[in-house]
Amino acid sequence: MTHQHQVPGEASGPGAVAVGSNHGIISTGDAATIDNRTLHLPAEAVRAPAEVPAPPGLNNLPAPRSAVFVGRDEDLARLDAAMDGGGAPTVVHGLGGMGKSTLALHYAHRHLGRCNPVWWVPAETPDGITLALADLAAHLDPYANLTATTSAEAAAWATGWLQSHEGWLLVLDNAEAPDDVAPVIGPLTTGQHLITSRRATGWHHLARPLALRTLDPDASADLLMRIIGEPGEPDDGPDDGSDDAPALAELAAELGHLPLALTQAAAYIQHTAITPASYLARLRRYPARMFAASATDNHERTIARVWQLTLQAIAARDPLAVDILRTFAWLGPDDVPRDLAEALHDDPIAIDEALALLHAYSMITLTPRTFTVHRLVQAVARTPDPADPHRAEETIGTARRRAVSLLVAALPGDPLFNVAGWPRWRELLPHIEALATRVAPEQDDEHTDAIWRQTSAFLQSEVRLDRAVALAERSVAACERLRGPDDLFTLASRSILGSAYRSAGDVVKAVPLLIRNRDDCERVFGAAHEETLVARGNLAYLYGVTGNLDLATELHSRNLVDCERLLGPDDPHTLSSRSNLASAYREAGDLGRAVPLHEQSAAGYERVFGPDHPETLTARSNLAFAYQLAGDLGRAIPLHEHVLTTRERVLGPAHPHTDLARELLTNARAGTPR
């Protein structure tokens with residue numbers, strides 16, 4: 001049947017249309033009019049979706065962005081197992097730049113022979129999903145597409161086709177939210193769906209989650225080498241024995257083994273013909289520019305750009321979440337205590353929701369007690385960039401100061417004697433160490449100084465002396481710059497530094513520093529001040545270590561008298577003075593004085609701190625050693641055994657003090673005096 005053109009506004013019959021008043025695509029059942037042009041369709045052209053077969057090998061898969069694809073064999077196997085399991089779709093989720101789309105694309109290409117059609121759906125927005133399905137309808141049946149008046153109708157036709165056929169694969173890439181894809185995949189049970197998304201949560205009712213992690217170190221270095229290659233041979237990188245291998249491994253670690261960052265770095269290295277070590281130096285000196293640098297025309301595919309878009313989405317929903325991310329960019333990446341974040345806001349529910357949002361967008365990994373931030377996310381979040389509204393220099397400076405304040409407030413008191421606080425110290429220590437590397441010494445203030453000083457004291461109790469020295473040196477430098485040479489905190493920091501030098505065996509530095517500190521304390525505070533007593537006791541102990549036992553005994557005796565008079569018999573400084581004097585007598589061979597003082601010291605520590613306190617155990621160990629030197633092995637060996645057993649339980653079997661107790665017991669049993 002052929003329709004003739006009619007007078008505008010008139011219809012010729014039940015199958016006709018009024019041409020002058022219609023625009024677009026108009027269906028009459030056997031012909032269509034498009035922009036006032038009539039197309040004649042064969043009678044068999046317009047068919048129900050179930051009657052339309054898919055053309056062989058139908059797919060719209062883009063080519064992989066790079067021919068290099070390494071380190072994902074295990075992930076592909078996991079994805080194969082999840083997809084072959086039947087039932088719900090699979091959603092591959094992870095941080096932006098993790099390689100989710102690349103993994104899905106390689107999976108889809110591998111299944112071209114098994115599935116038909118294989119259709120790639122950009123799923124960032126509902127409109128994007130609709131357009132991709134309308135495009136599928138056009139490829140399945142162009143006539144059906146012609147008779148649809150909107151993209152939504154064409155997409156509905158495609159959905160009908162998928163409902164009535166089996167063996168197809170839809171890849172919905174970069175889905176923003178589960179609700180965006182639910183209307184599409186909810187009714188479809190005859191084929192397979194694979195979803196990629198930054199969203200880690202909210203999929204439980206719709207899809208099986210499959211978390212994608214960073215590459216392992218070997219795969220990261222391999223990826224870099226394969227892309228960098230040699231001139232003219234981009235896929236033929238240097239072998240593991242090349243001079244670049246250590247620099248590549250260091251660069252991969254600096255980039256947190258994140259595929260997009262590795263690819264971005266390798267492309268830049270190849271494009272500019274610099275060495276991996278040079279790239280790493282530029283990255284550390286000019287982080288903002290290198291995070292944004294692209295060796296291709298696709299500037300959207302850089303770490304800075306990918307995460308800027310993510311932060312915009314997060315900030316639009318909850319600005320507090322972005323504040324949290326910027327703040328904790330200054331601490332360690334792993335096992336950040338949640339209670340630190342809870343201290344940021346009076347409303348714990350607001351913190352819960354902000355952390356959950358960051359977790360949903362894969363910017364953090366959340367557990368009931370801690371959370372983890374990828375180290376490269378941290379690096380970007382704490383790097384000022386005038387092109388990024390979320391990374392203004394003032395905003396990042398505020399976040400740094402906030403992180404410092406959180407740590408100061410979280411520090412347990414009295415790192416030397418408050419054993420109950422030691423687990424908290426160990427929990428915070430990685431974050432203190434990270435802060436020390438990320439805050440420049442010239443940025444130190446009274447708060448960071450307090451952190452370095454107290455942490456050095458704790459590290460000395462842990463016998464981690466290199467770091468104890470480094471942090472004490474930094475504290476002294478900050479105090480002298482901020483407070484002057486005679487301030488109480490400056491002198492306290494010097495005292496801690498002198499003790500750290502002494503414990504580390506550096507008497508060349510320890511002796512003049514502790515002498516100066518004793519003299520300065522007496523000059524500034526007088527002979528009876530607590531800080532003077534500490535300074536004098538530290539110097540006396542050093543004299544004992546260096547063999548100057550007469551001076552050590554004289555200073556310890558004077559200190560003990562002053563401490564008992566000014567501080568009382570049970571003050572920690574008094575207990576320490578008594579113990580130190582006993583040790584000086586013991587080292588001088590005066591066991592008649594040493595043993596009773598060691599007995600008093602052990603009893604005093606147990607009375608004040610309890611039987612399992614590390615200082616009590618040290619006092620008992622000293623007493624056992626004094627018994628041993630006096631030839632009283634009947635009392636020495638059981639006491640050594642008790643100290644070893646208790647230290648194994650309290651400090652752990654590998655602690656240096658436990659090792660010392662084990663050595664002392666062995667010597668006592670062998671009858672060795674030392």
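**View 1. Strand β4 in this predicted model, with both faces covered.** Strand β4 takes in residues 90-93. T90 and V92 lie on one side of β4, V91 and H93 on the other, and all are buried (buried means under 20% relative accessible area, exposed over 50%, partly exposed in between, with a 1.4 Å probe and protein chains only). Strands (E, at least two residues) and helices (H or I, at least four residues) are DSSP runs, numbered from the N terminus. Residues are numbered from 1 along each chain as its sequence is written. In this predicted model, local features need pLDDT of at least 70, side-chain atom pairs count only at pLDDT 80 or more, and totals for chains, interfaces and linings use all residues, while side-chain values use heavy atoms, with hydrogens and water left out.

**View 2. The strands paired with β4.** Two strands pair if DSSP finds at least two bridges between them. β4 and β7 run parallel and are joined by four bridges; V92 of β4 stands opposite T196 in β7. Strand β8 (residues 208-211) also pairs with β4 in the parallel sense, over four bridges. The bridge partner of V91 in β8 is P209.

**View 3. Strand β6, enclosed on both faces.** Five of the five residues of β6 (residues 169-173) are buried, so this strand is largely enclosed by the rest of the structure. L169, V171 and D173 cover one side, and L170 and L172 the other.

**View 4. β6 and the strands paired with it.** Strand β5 (residues 118-122) runs parallel to β6, with five bridges between them. W120 has V171 as its bridge partner in β6. Four bridges join β6 to strand β7 (residues 192-197), again in parallel, and L170 stands opposite H193 of β7. Between β6 and β7 the chain passes through helix α6 (residues 178-185), and this β-α-β crossover is right-handed (with the strands pointing away from the viewer, the path from the first strand over the helix to the second runs clockwise).

**View 5. Helix α21 and its two ends.** Helix α21 covers residues 488-503, and 13 of its 16 residues are buried, so the helix is largely enclosed by the rest of the structure. Its 16 residues, at 1.5 Å a residue, should span 22 Å, and the end C-alpha atoms are 23 Å apart, which agrees (the expected span is 1.5 Å times one less than the number of residues). At the N-terminal end, D487 caps α21, with a side-chain oxygen 2.8 Å from the backbone nitrogen of F489. G505 follows α21 and has a positive phi, near 85°.

Conventions:
Polar contact = N/O pair within 3.5 Å; in protein donor to acceptor, adjacent residues only side chain to side chain.
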